[in-house]
Amino acid sequence: MRLDVVTIFPEYLEPLNVSLVGKARARGQLDVRIHDLREWAHDKHNTVDDTPYGGGPGMVMKPEPWGEALDEILASGDGEPVIVVPTPSGVPFTQQLAVELSVKPWLVFTPARYEGIDRRVIEEYGDRLDVREVSIGDYVLAGGEAPVLVMVEAVARLLPGVLGNAASHQDDSFAPGAMADLLEGPVYTKPPEWRGRGIPEVLLSGHHGKIARWRRDEAFRRTDRNRPDLIERADPAAFDKHDRAILAALGWSEGDDGRFGRTAEAVEE
Ligand code: JCQ
């Protein structure tokens with residue numbers, strides 16, 4: 001996979017040289033190219049921003065440097081990339097979107113600073129290629145570089161051979177981080193006792209059926225506590241008899257719409 005990043009802070013992307021992504025690059029599984037947007041700004045001060053039309057606070061990134069940068073990068077490769085624009089106004093970045101992007105041969109990331117990029121740039125390339133405005137969460141950052149690091153790591157670990165996973169392991173629903181509709185439960189390792197705290201008995205039992213059931217129960221407990229929206233959204237067809245018993249014990253019941261909701265008493269708490 002080829003990844004291009006166009007930024008006014010190339011040094012912010014240094015983490016792409018280390019760990020999982022750095023190793024994938026060293027192995028030749030990822031071709032990462034970082035570009036300084038100011039190389040396509042031609043005035044004395046390499047200006048990339050200007051005041052917003054209509055007034056208001058902050059500055060907006062000028063269209064010309066982006067246009068020249070993207071034209072040159074697009075002409076340097078075979079075929080067409082997907083362009084990913086990190087912005088709090090974008091569609092949510094999810095594991096599903098990471099999987100979708102991980103099968104593309106070429107991604108171009110355009111992290112913005114200031115109040116964003118002149119709208120005409122997104123329109124211009126959106127007319128010709130697949131442009132995705134993507135948000136990594138409901139908060140505002142000073143720039144899109146940190147979101148690029150987040151998205152590249154989520155995508156890179158899915159590439160065949162990158163995590164040391166066989167390709168067959170990749171969409172295995174048992175693989176950690178599958179993120180289907182439940183959160184993962186707690187994990188433990190040696191020593192068997194630490195600061196007076198032991199390991200849940202069942203994990204030492206060697207009873208694989210009981211262990212799997214316990215892990216799923218813990219996943220339901222955590223999802224109930226931290227992400228009840230995932231249970232509300234889940235397809236109840238995915239829930240077996242025991243799942244339904246756990247959900248009922250946590251105060252959930254199947255509604256007329258066929259989805260699970262909190263029972264009245266549970267909502268009060
Ligand atoms: C991304 N969640 C937050 C900030 C405008 C392209 O326009 C803008 C980009 C940014 C940087 O991205 C974020 C962000 N996901 O702040 C403002």
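Helices, of at least four residues, and strands, of at least two, are DSSP runs numbered from the N terminus. The exercises below use these element names on a predicted model.

**Exercise 1. Place Gly-143 between its neighbouring elements, and decide whether Gly-143 is buried or exposed.**

Solution.
Step 1: Find the elements on either side. Gly-143 sits in the loop that runs between β7 (130–135) and α5 (145–156).
Step 2: Take the cut-off. A residue is buried under 20% relative accessible area and exposed over 50%, with partly exposed in between.
Step 3: Apply the cut-off. Gly-143 has a relative accessible area of 13%, so Gly-143 is buried.
Step 4: Look across the chain. Ala-112 is 31 residues from Gly-143 in sequence, and their C-alpha atoms are 5.5 Å apart in space.

**Exercise 2. Decide whether Ala-142 is buried or exposed.**

Solution.
Step 1: Ala-142 lies in the loop between β7 and α5.
Step 2: The relative accessible area of Ala-142 is 58%, so this residue counts as exposed.
Step 3: Compare positions along the chain and in space. Ala-142 and Gly-90 are 52 residues apart along the chain, and 16 Å separate their C-alpha atoms.

**Exercise 3. Classify Leu-158 and Gly-196 as buried or exposed.**

Solution.
Step 1: Locate the residues. Leu-158 is in the loop between α5 and α6 (201–204), and Gly-196 is in the loop between α5 and α6.
Step 2: Classify Leu-158. Its relative accessibility is 8%, so Leu-158 counts as buried.
Step 3: Classify Gly-196. Its relative accessible area is 63%, so Gly-196 is exposed.
Step 4: Add the distances. The C-alpha atoms of Leu-158 and Leu-37 are 29 Å apart, with the two positions 121 residues apart along the chain. For Gly-196 and Val-155, the separation is 41 residues in sequence and 40 Å from C-alpha to C-alpha.
Step 5: Note a peptide bond in this loop. Pro-191 is found in the loop between α5 and α6, and a cis peptide bond, with omega about 0 degrees, joins Lys-190 to Pro-191.

**Exercise 4. Describe the backbone and the exposure of Asn-46 and Tyr-114.**

Solution.
Step 1: Read phi for Asn-46. The angle is near 50 degrees, a positive value in a residue other than glycine.
Step 2: Place and classify Asn-46. This residue is in the loop between β2 (31–36) and β3 (49–50). Its relative accessibility is 30%, so Asn-46 counts as partly exposed.
Step 3: Read phi for Tyr-114. The angle is near 60 degrees, again a positive value in a residue other than glycine.
Step 4: Place and classify Tyr-114. This residue is in the loop between β6 and α4 (119–126). With a relative accessible area of 35%, Tyr-114 is partly exposed.

**Exercise 5. State which strands pair with β6, and which way the side chains of β6 point.**

Solution.
Step 1: Start with β1 (residues 2–7). This strand runs parallel to β6 and is joined to it by 4 bridges. Arg-2 stands opposite Trp-106 in β6.
Step 2: Turn to β5. This strand also runs parallel to β6, with 3 bridges joining the two. Ile-83 stands opposite Val-108 in β6.
Step 3: Sort the residues of β6 (residues 106–109). Trp-106 and Val-108 point one way, Leu-107 and Phe-109 point the other way, and all are buried.

**Exercise 6. Describe the surroundings of the ligand, and state how much of its area the protein buries.**

Solution.
Step 1: List the residues that come nearest. Of the 15 residues around the ligand, these are Gly-116, Ile-136, Gly-137, Tyr-139 and Leu-141.
Step 2: Sort the shell by class. There are 8 nonpolar, 6 polar and 1 charged residues. Strand β5 (residues 82–92) gives the most to this shell, with 3 residues.
Step 3: Find the backbone contacts. A nitrogen atom of the ligand lies 2.9 Å from a backbone N or O atom of Ile-136. For a backbone N or O atom of Gly-137, the distance to a nitrogen atom of the ligand is 3.1 Å. A polar backbone atom of Leu-141 is 2.9 Å from an oxygen atom of the ligand.
Step 4: Read the buried share. The ligand taken alone exposes 410 Å², and the protein buries 93% of that.

**Exercise 7. State how far apart the centres of domain 1 and domain 2 are.**

Solution.
Step 1: The domain assignment gives domain 1 (2–156) and domain 2 (179–268).
Step 2: Taken over C-alpha atoms, the two centres are separated by 38 Å.

Terms used
Residues numbered from 1 in each chain as written. Predicted model: local features only at pLDDT ≥ 70, side-chain atom pairs only at ≥ 80, totals over all residues. Heavy atoms only, no water. Near = heavy atom within 4 Å. Polar contact = N/O pair within 3.5 Å; in protein donor to acceptor, adjacent residues only side chain to side chain. Areas by Shrake-Rupley, 256 points an atom, 1.4 Å probe, with all protein chains shown as cover. Nonpolar A, V, L, I, M, F, W, Y, C, P; charged D, E, K, R; others polar. Domains from an automatic or database assignment. Buried < 20%, exposed > 50% of the residue type's maximum accessible area, 1.4 Å probe, protein only. Pairing = 2+ DSSP bridges.
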